[in-house]
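Trainee: I should like to work through this model with you, one question at a time. May we begin once it is on display?

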Amino acid sequence: MKKIVVLVSGAGSNLQSIIDACQQNRINGHVVAVFSNNANAYGLQRAKQADIPAHFINPKAYADRTSYDVALFKAIDQYAPDVVVLAGYMRILSPEFVQHYHGCLLNIHPSLLPKYPGLHTHRKAIENGDQEHGTSVHFVTEELDGGPIILQAKVPIFEGDKEEDVIKRVQSQEHNIYPLVIGWFLNQRLVMEGGTAIMDGNVLPPQGYASE
C-alpha cells in the first residue's frame, strides 16, 4: 500500500478527509506520518486519534528556512513516502525542499488559481465582488501557489455572504477533491512532467482536469 505524509499547520480538516478516504479505501494508500511547524496544530491531535505518528518540528530551533526544511525532509524520508501532501501548511517551502520531492509534492489552495495566491483569499474574493470562488489542487513548484493545476472546484458567492460562509463552502469542496487527486496520483494516473500536469497520458489544460 502506498505511503502518504501530510504537513499541517492548523485544524487539519483536509487531513481528516484524507484519513477518512484511506480508511474507506477511496485512496489506495495510508497516512504514515503527519508533521507540523505548530505545536498546537489540531491536525496533530487528529493524527494521534487515528494512531498515526505525529511530529512537531520547531522552526525556532533552526537558523534559517533552508536548515529547517533540510531537517524536515530528513525526518519525512524516514517514512519513505510515495507522496507528500500539504494540507494547510502555512510555511513557504525552500527550493531545496521542493526539489527534494519534485513531482511528488501536492498542495491545495483556497482560490481559483492563478487568482489570489497567498493569504486571505476568501476575503479578497468578497471584497472584489466576485460571484464565484473555489479551490485548486496543484503540484508544488518553487513559485508560490504557481505549480501546474490538477483540479479545481468552484463555489458561488452570494450577496451578503460573510467570509466564514465562503470558507465553509470552499472547505466542503476541498474535502471532496483533495482525496480524489491523491488517489489519482497514487494510482499512477497523474504525473508532473516538464512543468505540466499529465493525467492518463494527456496534458491537462491550465485550469486542470475537466476545466470549462
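**Questions on the predicted model**

Mentor: Let us start with a proline, Pro114, which is found in the loop between strand 5 and helix 5 (121–127). The model is predicted. What is the state of the peptide bond from Leu113 to Pro114, cis or trans?

Trainee: Pro114 belongs to the loop between strand 5 and helix 5. For the peptide bond from Leu113 to Pro114, omega is near 10°. The bond is cis.

Mentor: Which residues does the UniProt annotation "binding site" cover, and which of these does the lining of the largest pocket include?

Trainee: According to the unreviewed UniProt entry, the "binding site" annotation covers Arg65, Met90, Arg91, Ile92, Leu93 and Asn107. Of these residues, the lining of the largest pocket includes Met90, Arg91, Ile92, Leu93 and Asn107.

Mentor: Take Arg91 from that annotation. Where does Arg91 lie, and which residues does Arg91 touch, not counting residues up to four places away in sequence?

Trainee: Arg91 is placed in the loop between strand 4 (83–86) and helix 4 (95–100). Leaving aside residues up to four places away in sequence, the contacts of Arg91 are Asn37, Pro59, Arg65 and Tyr68.

Mentor: Now consider Asn107, in strand 5 (residues 105–109). Is Asn107 buried or exposed, and why?

Trainee: Not counting residues up to four places away in sequence, Asn107 touches Leu86, Ser136, Val137, His138, Val140, Asp145 and Tyr178. Its relative accessibility is 10%, and buried means under 20%, so Asn107 counts as buried.

Mentor: How many disulfides are there?

Trainee: A disulfide needs two cysteine sulfur atoms within 2.5 Å. For Cys22, the nearest cysteine sulfur is that of Cys104, 16 Å away, and Cys22 is in no disulfide. Because that distance is too far for a bond, the sulfur of Cys104 is not bonded to that of Cys22. The count of disulfides is zero.

Mentor: Which burial class does each of Cys22 and Cys104 fall into?

Trainee: Cys22 has a relative accessible area of 11% and is therefore buried. For Cys104 the relative accessible area is 28%, which means that Cys104 is partly exposed.

Mentor: Turn to helix 6 (residues 163–186). What is the angle of the kink in helix 6, and where is the kink centred?

Trainee: Helix 6 has 24 residues and reaches 34 Å from its first C-alpha to its last, close to the 34 Å expected at 1.5 Å a residue. Among the buried residues of helix 6 are Val170, Glu174, Ile177 and Tyr178. The kink in helix 6 is about 25°, centred on Glu174.

Mentor: Which residue with a positive phi follows helix 6?

Trainee: After helix 6 comes a residue whose phi is near 65°, a positive value. That residue is Gln188.

Mentor: How far apart do the end C-alpha atoms of residues 2–182 lie?

Trainee: In the unreviewed UniProt entry, residues 2–182 carry the annotation "domain: Formyl transferase N-terminal". The span is 36% helix and 24% strand. Its end C-alpha atoms are separated by 11 Å.

Mentor: What is the C-alpha to C-alpha distance between Lys60 and Asn37?

Trainee: Lys60 is in the loop between strand 3 (54–56) and helix 3 (65–77), and its relative accessibility of 78% is why Lys60 counts as exposed. Lys60 and Asn37 are 23 residues apart in sequence. In space, C-alpha to C-alpha, they are 9.5 Å apart.

Mentor: Asp51 and Asp200 remain, each with a positive phi. Which burial class does each fall into?

Trainee: Asp51 has phi of about 60° and lies in the loop between helix 2 (42–49) and strand 3. Asp200 has phi near 50° and sits in the loop between strand 9 (196–199) and strand 10 (202–203). With a relative accessible area of 71%, Asp51 is exposed. At 43% relative accessibility, Asp200 counts as partly exposed.

Conventions. Residues numbered from 1 in each chain as written. Predicted model: local features only at pLDDT ≥ 70, side-chain atom pairs only at ≥ 80, totals over all residues. Heavy atoms only, no water. UniProt positions renumbered as here; feature names shortened; annotations may be inferred. 1 Å grid on protein atoms, 1.4 Å probe; cavity = no way out; pocket = protein on both sides within 12 Å on 5 of 7 lines; lining within 4 Å. Helix = DSSP H or I, 4+ residues; strand = E, 2+ residues; numbered from the N terminus. Contact = heavy atoms within 4.5 Å. Buried < 20%, exposed > 50% of the residue type's maximum accessible area, 1.4 Å probe, protein only. Expected span 1.5 Å × (residues − 1). Bend = angle between axes of the 7 residues up to and from the residue.
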